[in-house]
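Student: I would like to work through the polar and charged contacts of this structure with you, beginning at the ligand and then turning to the salt bridges.

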Amino acid sequence: MTPADSARLLADVEAFCQELHDIEELCYVEHRFNDQLIPLARKHNVLGMPVPEVYGGRGADTVTYARALARIGREGTGVRTFFSGHTSIGQYPILTWGNEEQKQRYLPPSVRGEQILAFGLTEPEAGSNPLELQMTYERRGDRIVLNGVKYLISNAGIATTAVVFAYPKGGGRLSAFLVDLVDGPGCVREDLTAKMGMPTANTGMFELTDYAIPAANLLGEEGNGFRIAMGTLVSGRLSVAAGCLGVIEDCLAEAVRYARERHQHGKPIGKHQLVQEHLATIEMHRLASEALVLKAAAAKDASAAEPGNAPLRAQAELLAAQAKLFASNAAWDAADRAVQVLGGRGWSTLYRPGRHLQDVRVCRIYEGTDEILKLKVAAAVLGGKEFEAYK
Ligand SMILES: Cc1cc2nc3c(=O)[nH]c(=O)nc-3n(C[C@H](O)[C@H](O)[C@H](O)COP(=O)(O)OP(=O)(O)OC[C@H]3O[C@@H](n4cnc5c(N)ncnc54)[C@H](O)[C@@H]3O)c2cc1C
């Protein structure tokens with residue numbers, strides 16, 4: 001992507017965010033799904049940022065896409081999570097492991113917003129360890145029949161297609177499939193409404209019962225599902241890290257604005273040194289998170305340029321995990337500090353820091369929990385496979 005194309009894309013993202021802003025605020029306060037997000041994203045042509053132009057996308061490199069997600073993250077983790085589900089873990093595996101026919105079938109319509117994507121790995125009995133999945137598939141002629149439940153899935157209730165992972169019935173290795181979700185007796189969906197934050201975004205589950213799909217919807221090679229899942233999580237983790245950077249930026253802006261305006265004890269609260277300590281800490285978190293996100297994004301670009309280079313791939317995987325681990329904790333802390341600076345108003349979700357605090361908590365859970373990512377970082381510094389805490 002040329003610098004001019006990158007600047008154009010970021011300008012479109014800015015215009016999208018500005019047009020979305022008031023609608024998102026209203027939906028948040030009214031606790032309802034933001035049904036204007038997709039039409040506006042389509043209008044500003046941001047539904048396929050890293051998708052190559054040949055499939056209708058913008059052809060963004062990972063660094064540009066990370067900057068775009070950071071800007072989107074300022075509007076809220078719910079807004080950014082939609083993009084993670086649709087693009088970072090939806091379009092990405094199709095782009096990386098799909099055959100040409102699958103790319104033609106799914107990428108252009110998803111860039112136009114005619115198809116919405118989701119990524120179905122997690123199940124009620126399998127979260128941190130995807131090897132414990134219970135969803136099965138069985139070949140019947142030119143069909144594949146799926147049975148099982150996917151749970152806590154971003155965009156589940158609005159997706160037209162999900163990347164779904166299942167084991168062969170009777171045993172074998174994990175495979176990935178492109179599953180068109182058509183509601184009926186074989187495909188039942190339910191939204192999760194009792195959640196901590198992100199009321200404007202869709203999170204849900206779907207249950208597939210003897211659900212038949214064409215055998216041609218196998219994604220990548222049969223038995224390669226674990227590699228596809230783990231490879232996709234690199235893209236997903238980066239998207240979470242970038243979104244968290246945006247959360248920190250917004251918390252800093254809100255806290256600084258309020259610290260200048262609010263007077264107590266005869267002066268702006270920004271002149272009280274303990275309030276300044278909060279601002280300084282948020283700013284240091286912002287700076288460090290930005291550096292890590294950009295480094296991880298550059299590493300992913302370097303790895304993508306040399307697909308066969310295993311050390312580059314390992315470096316990109318590790319940095320994505322590190323960026324996500326650091327930025328999600330930094331964003332949680334920044335939101336907490338911004339709430340504190342705003343005092344009682346901060347506690348209200350009428351103000352942005354309180355909303356960020358609720359929304360951003362999930363970033364320490366999805367796409368790899370804090371604990372799982374720490375194990376990955378520790379194994380890397382200890383020297384690799386021999387020190388992996390679990391197999
Ligand atoms: C809002 C939201 C959106 C999501 N979107 C998606 C999505 O789009 N697609 C998708 O597939 N999934 C999605 N998820 C699921 C998410 O990825 C999982 O919740 C996450 O991976 C953790 O799995 P779990 O909830 O089953 O927790 P568990 O794996 O049961 O973990 C529970 C606790 O045990 C700890 N733990 C587990 N194993 C170990 C270990 N070996 N060592 C140390 N500690 C350990 C965990 O860190 C955690 O603290 C979403 C979740 C949420 C909340």
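Tutor: Let us begin with a term: a polar contact is a pair of N or O atoms within 3.5 Å. Please keep in mind throughout that this is a predicted model.

Student: How far from a nitrogen atom of the ligand does a polar side-chain atom of T122 lie?
Tutor: T122 is among the residues that come nearest to the ligand, in a list that also holds F119, S128, T369 and E371. The cut-off for a polar contact is 3.5 Å, and the separation between the polar side-chain atom of T122 and the ligand nitrogen is 2.7 Å.

Student: Which residue has a side-chain N or O atom 2.6 Å from an oxygen atom of the ligand?
Tutor: Two serine side chains should be considered here. That of S154 places an N or O atom 2.9 Å from a nitrogen atom of the ligand, whereas the side chain with an N or O atom 2.6 Å from a ligand oxygen belongs to S128.

Student: How much of the ligand's accessible area does the protein cover?
Tutor: On its own, the ligand has 980 Å² of accessible area. Around the ligand, the elements that give two or more residues to the shell are β3 (143–154) and α10 (370–382), and the shell residues divide into 12 nonpolar, 6 polar and 2 charged. The share of the ligand's area that the protein covers is 66%.

Student: How many residues apart are R352 and D250?
Tutor: The side chains of R352 and D250 meet in a salt bridge, with 2.6 Å from N to O, and both residues are buried. The pair links distant parts of the chain, R352 being in helix α9 (residues 352–360) and D250 in helix α6 (residues 225–261), at a separation of 102 residues.

Student: Is R337, the salt-bridge partner of D333, buried or exposed?
Tutor: The closest N and O atoms of D333 and R337 are 2.7 Å apart, and because the two residues are 4 apart in helix α8 (residues 310–347), about one helical turn separates them. D333 has 22% relative accessibility and so counts as partly exposed. R337, by contrast, has 17% relative accessibility, and buried means under 20%, so R337 counts as buried.

Student: How many salt bridges does a search of the whole structure find?
Tutor: A further example is the pair R364 and D370, whose side chains meet at 2.7 Å, N to O, and both of these residues are buried. Salt bridges that share partners also join E25, D250, R352 and R355 into one network. For the whole structure, the number of salt bridges found is 25.

Terms used. Residues are numbered from 1 along each chain as its sequence is written. This is a predicted model: local features need pLDDT of at least 70, side-chain atom pairs count only at pLDDT 80 or more; totals for chains, interfaces and linings use all residues. Side-chain values use heavy atoms; hydrogens and water are left out. A salt bridge is a side-chain nitrogen of Lys or Arg within 4 Å of a carboxyl oxygen of Asp or Glu. Buried means under 20% relative accessible area, exposed over 50%, partly exposed in between (1.4 Å probe, protein chains only). A residue is near a molecule or strand if one of its heavy atoms lies within 4 Å of it. A polar contact is a pair of N or O atoms within 3.5 Å; within protein, one must be able to donate a hydrogen and the other to accept it, and residues adjacent in sequence count only if both atoms are side-chain atoms. Accessible areas come from the Shrake-Rupley method with a 1.4 Å probe; for residues, only the protein chains shown count as cover. Ala, Val, Leu, Ile, Met, Phe, Trp, Tyr, Cys and Pro count as nonpolar, Asp, Glu, Lys and Arg as charged, and the others, Gly among them, as polar.
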